[in-house]
4 protein chains.
Amino acid sequence: MQELKIQIKKFIQARDWKQYHAPKNLAMALSVEAAEIVEIFQWKKEDEALSPGEQEHLRQEIGDVLVYLIELADKFKIDVIKAAKDKLVLNQEKYPADLVRGKADKYTEYK
Amino acid sequence: MQELKIQIKKFIQARDWKQYHAPKNLAMALSVEAAEIVEIFQWKKEDEALSPGEQEHLRQEIGDVLVYLIELADKFKIDVIKAAKDKLVLNQEKYPADLVRGKADKYTEYK
Amino acid sequence: MQELKIQIKKFIQARDWKQYHAPKNLAMALSVEAAEIVEIFQWKKEDEALSPGEQEHLRQEIGDVLVYLIELADKFKIDVIKAAKDKLVLNQEKYPADLVRGKADKYTEYK
Amino acid sequence: MQELKIQIKKFIQARDWKQYHAPKNLAMALSVEAAEIVEIFQWKKEDEALSPGEQEHLRQEIGDVLVYLIELADKFKIDVIKAAKDKLVLNQEKYPADLVRGKADKYTEYK
């Protein structure tokens with residue numbers, strides 16, 4: 001993860017792209033990459049397999065999402081792994097296992 | 001990261017939510033969480049600061065995005081860190097630093 | 001439609017919100033509302049019905065999407081109905097009925 | 001609008017695509033098209049103009065969003081224009097003009 005962060009910084013610096021990477025713009029780019037993942041699945045049946053080509057495409061889009069997520073987080077000194085762990089703890093309280101077990105309707109009330 | 005992966009798995013298992021977490025659905029959830037990040041910035045000026053409350057909100061949404069990203073990736077045995085590193089290498093070829101330096105229009109032709 | 005356009009304008013003017021509604025921001029708001037529609041369906045089976053409450057929720061989010069779409073289009077003097085009709089004509093050429101009939105894979109190559 | 005609805009129906013029928021157009025899938029497609037609009041603006045300054053080519057691109061994506069919005073709405077017998085008008089009335093109550101005038105922070109508490 002530390003290595004990846006450094007590679008991202010070097011990539012941006014070498015291209016002088018910092019000027020475009022305001023947090024607002026990174027948030028947009030993140031959502032655009034997430035939508036490219038959605039696009040892969042949009043006409044698929046729930047249990048339909050992805051072709052090898054689609055899996056490679058998915059892999060690349062997942063890479064893009066993580067790059068923008070780390071870049072955005074870094075602007076606010078947020079550690080993405082720590083943020084995810086802390087959110088899981090919050091969700092454990094929000095969704096007590098014995099209350100929500102097997103129920104999606106609880107899940108949709110999330111947020 | 002390894003620890004986080006295990007925590008996510010336990011969280012899902014304890015709630016019996018695997019049945020809802022088809023890759024297609026995880027892709028949707030990922031994009032919904034990304035949109036919640038966009039929502040934080042939508043009426044802000046490019047250089048407008050976030051309040052402490054908004055930064056905490058952002059931190060939680062970043063956590064959500066990473067959780068769904070890891071869960072989705074895991075369905076296809078994709079290592080998110082490796083995927084991001086590989087994508088950066090691809091982008092380095094796609095956007096030679098000396099050609100695209102300081103140009104956003106190259107960036108918009110991405111994808 | 002003409003009536004709706006006027007109502008939107010009055011709504012914005014009465015609140016002095018024009019200053020926030022730059023095209024970029026409207027694009028973000030549009031995608032956030034679209035994501036709220038996605039959220040309704042994210043854990044549903046493909047053929048699972050929506051409850052009356054969910055249908056009303058969907059109806060409101062559809063309203064939000066159209067309001068932002070019209071506002072954004074209006075900034076560029078775009079007639080949304082005409083834009084949709086023209087896009088359908090383009091798609092008719094892009095996807096000749098006798099070539100793509102019943103095939104989703106053509107559809108995923110859309111865009 | 002009525003004419004557009006009929007053209008959409010014919011377009012789908014001629015291609016036998018109804019089988020792919022479950023409401024869930026249309027919601028996904030809608031959000032993907034909305035993201036393509038976001039992509040046009042993601043690296044732009046707030047007041048940066050779009051080139052003629054970008055404006056035409058925007059026009060086509062707006063067309064796509066409306067087509068999917070109408071198709072999705074139609075599955076639930078929702079009239080999109082009526083839904084937007086009704087939502088504006090709700091928002092008028094939610095955001096009394098004299099309380100929220102000129103304040104974006106009220107706006108972000110929307111939803």
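Start with both chains on screen. A turn of 180° with a shift of 0.0 Å along the axis lays chain B on chain A, at an RMSD of 0.0 Å. That is the relation of a two-fold axis. Keep in mind that this is a predicted model.

**Stop 1: the axis.** Select B:Ser31. Of the residues of chain B, B:Ser31 comes closest to the rotation axis, with its C-alpha at 3.2 Å. Now colour the interface residues of each chain. Of those in chain B, 100% are also interface residues in chain A, so the copies meet through the same surface.

**Stop 2: confidence.** Colour chain A by pLDDT. The average is 93, and 94% of the residues score at least 70. Where pLDDT is low, the predicted coordinates should not be read in detail. For the model, ipTM is 0.94 and pTM is 0.95.

**Stop 3: H2 and H3 in chain B.** Select residues 23-41 of chain B, which form helix H2, and residues 52-75 of chain B, which form helix H3. Their axes come within 9 Å and cross at roughly 160°. An angle over 145 degrees counts as roughly antiparallel. H2(B) and H3(B) are therefore roughly antiparallel to each other. Their crossing is left-handed.

Show the side chains next. On H2(B), the residues in contact include B:Pro23, B:Leu26, B:Leu30, B:Ile37 and B:Phe41. On H3(B), they include B:His57, B:Leu58, B:Ile62, B:Tyr68 and B:Leu72. The residues of this contact of H2(B) with H3(B) divide into 15 nonpolar, one polar and seven charged.

**Stop 4: H1 against H3 in chain B.** Keep H3(B) selected and add residues 2-15 of chain B, helix H1. H1(B) and H3(B) pack at an angle of about 85°, with their axes 10 Å apart. That makes H1(B) roughly perpendicular to H3(B).

Which residues of H1(B) meet H3(B)? Pick out B:Leu4, B:Lys5, B:Ile8, B:Lys9 and B:Ile12. Across from them, H3(B) brings B:Leu66, B:Val67, B:Ile70, B:Glu71 and B:Asp74. The residues of the contact of H1(B) with H3(B) divide into six nonpolar, no polar and four charged.

**Stop 5: from chain A to chain B.** Select residues 2-15 of chain A, helix H1, and residues 80-94 of chain B, helix H4. The axes of H1(A) and H4(B) come within 10 Å and cross at roughly 20°. That makes H1(A) roughly parallel to H4(B). The crossing of H1(A) and H4(B) is left-handed.

Light up the contact. H1(A) supplies A:Glu3, A:Leu4, A:Gln7, A:Ile8, A:Phe11 and A:Arg15. H4(B) supplies B:Ile81, B:Ala84, B:Lys85, B:Leu88, B:Asn91 and B:Gln92. The residues of the contact of H1(A) with H4(B) divide into six nonpolar, three polar and three charged.

Technical notes: Residues are numbered from 1 along each chain as its sequence is written. Chains are lettered from A and ligands numbered from 1 in the order in which they are written. This is a predicted model: local features need pLDDT of at least 70, side-chain atom pairs count only at pLDDT 80 or more; totals for chains, interfaces and linings use all residues. Side-chain values use heavy atoms; hydrogens and water are left out. Copies are superposed by least squares on the C-alpha atoms of residues with pLDDT of at least 70 in both. Contact means heavy atoms within 4.5 Å. pLDDT is the predictor's confidence in each residue, from 0 to 100. Axes are lines fitted to C-alpha atoms, for helices over the stretch in contact, and angles run from 0 to 180 degrees between N-to-C directions. Helices (H or I, at least four residues) and strands (E, at least two) are DSSP runs, numbered from the N terminus. Angles under 35 degrees count as roughly parallel, over 145 as roughly antiparallel, 65 to 115 as roughly perpendicular and the rest as oblique. A crossing is left-handed if the near helix is turned anticlockwise from the far one by less than a right angle, and right-handed if clockwise. Ala, Val, Leu, Ile, Met, Phe, Trp, Tyr, Cys and Pro count as nonpolar, Asp, Glu, Lys and Arg as charged, and the others, Gly among them, as polar.
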